[in-house]
Amino acid sequence: MHLYNLTLQPPTAATQAIVGNFSGARTQEIIISRGTRLELLRPDVQTGKLSTVIASDVFGSIRSLAAFRLTGSTKDYAIVGSDSGRIIILDYDPKSSSFVKLHQETFGKSGARRIVPGQYLATDPKGRSVMISAVEKAKLVYILNRDAAANLTISSPLEAHKNNAIIHHIVGLDVGFENPLFAALEVDYSESDQDPTGEAFNNAEKMLTYYELDLGLNHVVRKWSEATDPRANLLVQVPGGQVASTDRFDGPSGVLVCCEDHIIYRHMDRRQHRVPIPRRQHPLEDRQRGIIIVTAVMHKMKGAFFFLLQSEDGDLFKVTIDHEEDEVKALKIKYFDTVPVASSLCILKSGFLFVASEFGNHYLYQFQKLGDDDNEPEFSSTSYPGTGMANPTIALPHAHFRPRPLDNLALADEVESLDPIIDSKVMNLLPNSDTPQIFTACGRGARSSFRTLRHGLDVEESVSSELPGIPNAVWTTKRREDDEFDTYIILSFVNGTLVLSIGETIEEVQDTGILSSAPTLAVQQIGADALLQVHPHGIRHILADHRVNQWSAPQGKTIVTATTNKRQVVVALSSAELVYFELDLDGQLNEYQDRKAMGSTITALSIAEVPEGRQRTPYLAVGCEDQTVRIVSLDPESTLETISLQALTAPPSTICIADMLDASINKTQPTLFVNIGLQNGVLLRTVLDPINGQLTDTRTRFLGNRPVRLVRVQIQGNPAILALSSRSWLNYTHQNLMHFTPLIFDNLDYAWSFSAELSPEGLIGIAGSVLRIFQIPKLGMKLKQDSIPLSLTPRRFISHPKNRHFYLIEGDHRVLGDEAANKRLQAMTQAGQYIDQEMLDLPPEIFGRPRAAAGIWASAIRIIDPVEGRTISTITLDNNEAAFSLAFVSFSARNNELHLVVGTAQDTLLSPRSCTSGFLRTYRFTEDGVGLELLHKTETDDIPLAVMGFQGRLVAGVGKALRIYEMGKKKLLRKAENKTFSTAIVSLNTQGSRIIVGDMQESIYFAVYKAPENRLLIFADDTQPRWIAAATMVDYNTVAASDRFGNVFINRLDAKVSDQVDDDPTGAGILHEKGILMGAPHKTDMLCHFHVGDLVTSIHKVSLVAGGREVLLYTGIHGTIGILVPFVSKEDVDFISTLEQHMRTEQGSLVGRDHLSWRGYYVPVKAVVDGDLCETYARLPGSKQSAIAGELDRTVGEVLKKLEQLRVTASGF
């Protein structure tokens, strides 16, 4: 078995974000790290929308990111710390629209190790040096400078190591142009290591240490070190240093130390200032819980600066420092606003705040004001004794604030993110859909969502209006060449033509010169200010002064089809003749003297737009009934001569020639494509050679079961093609590569570009008798998301076999459920305490739910209708129970009636895993599955993490035991049990009497149930331990699974062993066989192994294309969706793996990670080809493409065609 790994939806989580002028222009951009991928986002200052400029896979794990700028420069560079053991400096090149590696300095081993730097990065604000640090011991400083040619240079590393030190955070200090200083939070563990009593561990001090880089002596010294708060977790740089021209100080320099419940200002030999972090004034707030700051951002303005710090509840606090010169007078903190908890905050100079959320969608906010003049309470260090440091070991009195809706910020844009995908299903549930949808349970806490993903582009409709009849075509046209917007909409009916004028409203007009008594075949704005209409009996050339020049079709013949551009017109007569007209310099249409007979009925014609600065386009494509397409010359020397011919598999229904940019074919200029739509629903795309008119590189694609119609349109200023069949598809260029994506919209019969003031980039289409005007807001989007909000973190969901509803369990730890909250409020009311109702009514999806102590859970069962996109009902669990697993079971004791079994546990603690009692709740369905009625609860001695229906009974993995239960009257009855599993059962799959069991730490077991003896026996297991996250059966002997470290693997049991086990009626043979390696008597073989780089949470064996082959689709916790496609032939395997080897040498990783060792992180990669790497072949320079294709004995076109075919036939993407 050989597999091809393809990512359909790259990761959407943001682990870190930085801001800077990376393109060197005046605008600021944001670089986001998505774990294994870098993206550059550009905010549009006018509209406040974010657009992705470039996204590139780094084939490595990004651990840290920092932006820096050399003194006096206008361009920022990005520094990346990764698991490659190298420091990387990247530059964004706007010309090639790619990241360029400027420096790659090796300093250690690869892999995310404790003492190899890469976890933390800190830069000197003046761009002179950078410190890269490990979690333990190692810190390296590099000096950055420029050489005589103004190129960036980097020095060899200078060490700032400290043995036995754990590093919590590092930051660069702002000291102006004095020697660069770096601050680190360190804990020395040498004494704790030696002391068995634990006393030294409790007394260990957290040190704030300054490291100075002496630029004169070129080495690093430890300058200052003092103990700080033991709960400090984050350092923030405070502006400082003198302004060059005057003696004025920018700020006091130093750092803010963020600790639990406090913020402390510290600097060498300066007075400390401490303020409390304000708490929410919530009736249910846990007074004992400490508050920590999770992320912070500092923003400098002219002559002032402020900080935004975010607590783990999502509250933003504005911190300011009152200072005289370089001496701090007061440290002040006040509540600012509440936004989702972020992994990074970025403030842009244009007045935006980008929140890269830890989970869920990312947001761009606009500052309305800076919160200076509101009446929020402000807490200052001067109002506490000794500026808050009178007794540093004692906490300051609590400060409180009242959370409220956004006041200082306003939402400008939202970037959809699936992170984290916790469970998913792939099914085709939506009406009139021919491809399956991916249903995902995403998010965390009250901001969770249940999302339906459909392959296609989202469409925004602006107008939909009923027409008097059913038109067969629609056009829009300008009146003059230099008009900004379209003037008329022309609708052609079977017996006439309707003209609508576009203004404040859209209304019918009569005096346009367009013939309304006949149907129309083509409309074109021609020359400077004339219109042209082609109808079955002739051509009307309508001049600006409403004079009309007519050309009539010969007696007894009609025009069957036509094609036009700004200077040329070609019509086909019913006698299979071509008539060619060209506009002369006086604006007159002249007919070429000869007519060309084609010898077969003409079904389609197309010419391209006139190229810039030319009089005509030299080629015409003619499609005939005899299943051919001919390219005919329109050159004055050889007018209407056939140049080349292509045979087809069916008669062509439409042809469209378009000039489009596809960087995989030509990076510098657009390529001339001839698109041919056939009557059987197939689209062919061939490349037309502009020099000799030959057709090459044909690619085919099945669009639907209706004859194809092609229309050339403009999308975001670039040419694109709409292909209409039983689905509407758009062929367009995005980030210089060609994309072909269906529109999620009703089937259109005809469409055209539409440009008016309200919709400058729109499209107009007809569906039956309805006229629709719409636009496509987000190009490059492969999956459209429809979201249903959830109230708690989703855990698992399953689909009902008959009514197609989804049953989902959700639960949150350390959160008060509604029942527990109400009990607590009642107790407070009885005690006569005041309850602030306004705080209780705050929406939890913005402010979160009240936090509680460990072991307290909120949990519920939710029934979802995916077609209507709504929650039908929710059943909350009481008594501090939390749901962990669920399954549908047809109990044979109840005439195979379907029941829902939910595995729950009471008072669950996660570490060490324990509960007071586990339960199996059995529900029966009422009202056709809309309601649930609890039959009974069966107590268990551990948490049931996996349940499944099996031969009319229930199989449950309860802790370490696998059990079979039968339905009873008052509870479920235990019938069989196997207690020999090592840690905990987390997944169950079955075929026949075989059960595949996934163990939390010990990989996959094969078990069998022998009914005659009522035995559950393990007969095979894995040779190596694995922490299983998800598993599915590929066939009776093969299982695909993923582990907690980002690997996907496939294990297979020997067919002989499988038959031998099945033939043994009682299982006695298995019982008496000798175990191998202290385990089961048989071992499975590993067929495939691959490191995805994201924790895979679900795997499904599905077919994504109607009639396509089955693939393994997986989803990852970072929002990744990918597929593993089986290769069909040995030639494909050899060809693609050779291409992969060439790509490994040509396309180095952006972070300097070796590709082979990245994909074989824990176990060497086996029998899986990395399709993402192979697909970067399209972005290689032309010379490299040709060299690799030559090595493979193919042309570049053949290699690209093979890669496209692999993707399209497996996924349809």
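# Questions on a predicted model

Student: Is N408 buried or exposed, and what is its relative accessible area?
Tutor: This is a predicted model, and the cut-off for buried is under 20% relative accessible area. N408 falls below that cut-off, so it counts as buried, with a relative accessible area of 0%.

Student: Which backbone oxygen does the side chain of N408 reach?
Tutor: Let's place the residue before looking at its partner. N408 sits in the loop between β32 (400-401) and β33 (409-415). Leaving aside residues up to four places away in sequence, N408 touches residues including Q366, F367, Q368, K369, L370 and D374. Its side chain makes a 2.9 Å approach to the backbone oxygen of F336.

Student: Is Q288 buried or exposed, and what is its relative accessible area?
Tutor: Q288 also belongs to a loop, the one between β23 (279-280) and β24 (293-301). Its C-alpha atom is separated by 9.5 Å from that of A853, with the two positions 565 residues apart along the chain. The cut-off for exposed is over 50%. Q288 passes it and is therefore exposed, at a relative accessible area of 71%.

Student: How many of the eight residues of strand β8 are buried?
Tutor: Strand β8 covers residues 86-93, and it pairs antiparallel with β7 (residues 77-82) over four bridges. It also pairs antiparallel with β9 (residues 98-106), here over eight bridges. The strand is mostly covered, and the number of buried residues is six.

Student: Which residue takes a positive phi in the hairpin of β8 and β9?
Tutor: Both hairpins around β8 have such a residue, so to speak in turn: in the hairpin of β7 and β8, with three residues between the strands, G85 has a positive phi near 75°,. Across the pairing of β8 with β9, I88 stands opposite Q104. The hairpin of β8 and β9 has four residues between its strands, and the positive phi, near 50°, belongs to S97.

Student: In β45, what is the bridge partner of I542?
Tutor: Strands β44 (residues 538-542) and β45 (residues 548-552) run antiparallel and are joined by five bridges. Five residues lie between the strands of this hairpin, where H546 takes a positive phi near 70°. I542 has as its bridge partner V548.

Student: Which strands stand at the edges of the open sheet, each with a single partner strand, β37 (460-466) being one of them?
Tutor: The sheet has four strands in the order β37-β65-β64-β63, with antiparallel pairing. Each edge strand has a single partner, so one of its sides is left without a neighbour in the sheet. The edge strands are β37 and β63.

Student: In β70, what is the bridge partner of I861?
Tutor: Here we have another open sheet of four strands, ordered β67-β68-β69-β70 with antiparallel pairing. Its edges are β67 (794-799) and β70 (870-876), so each of them has one side without a neighbour in the sheet. Strand β69 (residues 857-865) is joined to β70 by six bridges. In that pairing, the partner of I861 is I875.

Student: Within what arc do the buried residues of α6 fall, seen down its axis?
Tutor: Helix α6 (residues 1055-1063) has V1057, S1058 and V1061 buried. They line one face of the helix, because their directions fall within an arc of 100°.

Student: Which exposed residues does the face of α6 turned away from its buried side carry?
Tutor: The buried residues of α6 are covered by elements including β80 (994-999), β81 (1004-1010) and α7 (1068-1072). At the start of the helix, a side-chain oxygen of D1054 comes to within 3.2 Å of the backbone nitrogen of K1056. The face turned away from the buried side carries K1056 and D1063.

Student: At roughly what angle do the axes of helix α8 and helix α11 cross?
Tutor: At this crossing, L1139, H1142, M1143 and E1146 in α8 meet K1184, I1188 and E1191 in α11. The crossing is right-handed. The axes come within 10 Å, and the crossing angle is roughly 145°.

Methods:
Residues numbered from 1 in each chain as written. Predicted model: local features only at pLDDT ≥ 70, side-chain atom pairs only at ≥ 80, totals over all residues. Heavy atoms only, no water. Helix = DSSP H or I, 4+ residues; strand = E, 2+ residues; numbered from the N terminus. Buried < 20%, exposed > 50% of the residue type's maximum accessible area, 1.4 Å probe, protein only. Polar contact = N/O pair within 3.5 Å; in protein donor to acceptor, adjacent residues only side chain to side chain. Contact = heavy atoms within 4.5 Å. Pairing = 2+ DSSP bridges. Arc of directions from axis to C-beta. Axes fitted to C-alpha atoms, helices over the stretch in contact; angles between N-to-C directions. Left-handed = near helix turned anticlockwise from the far one by under 90°.
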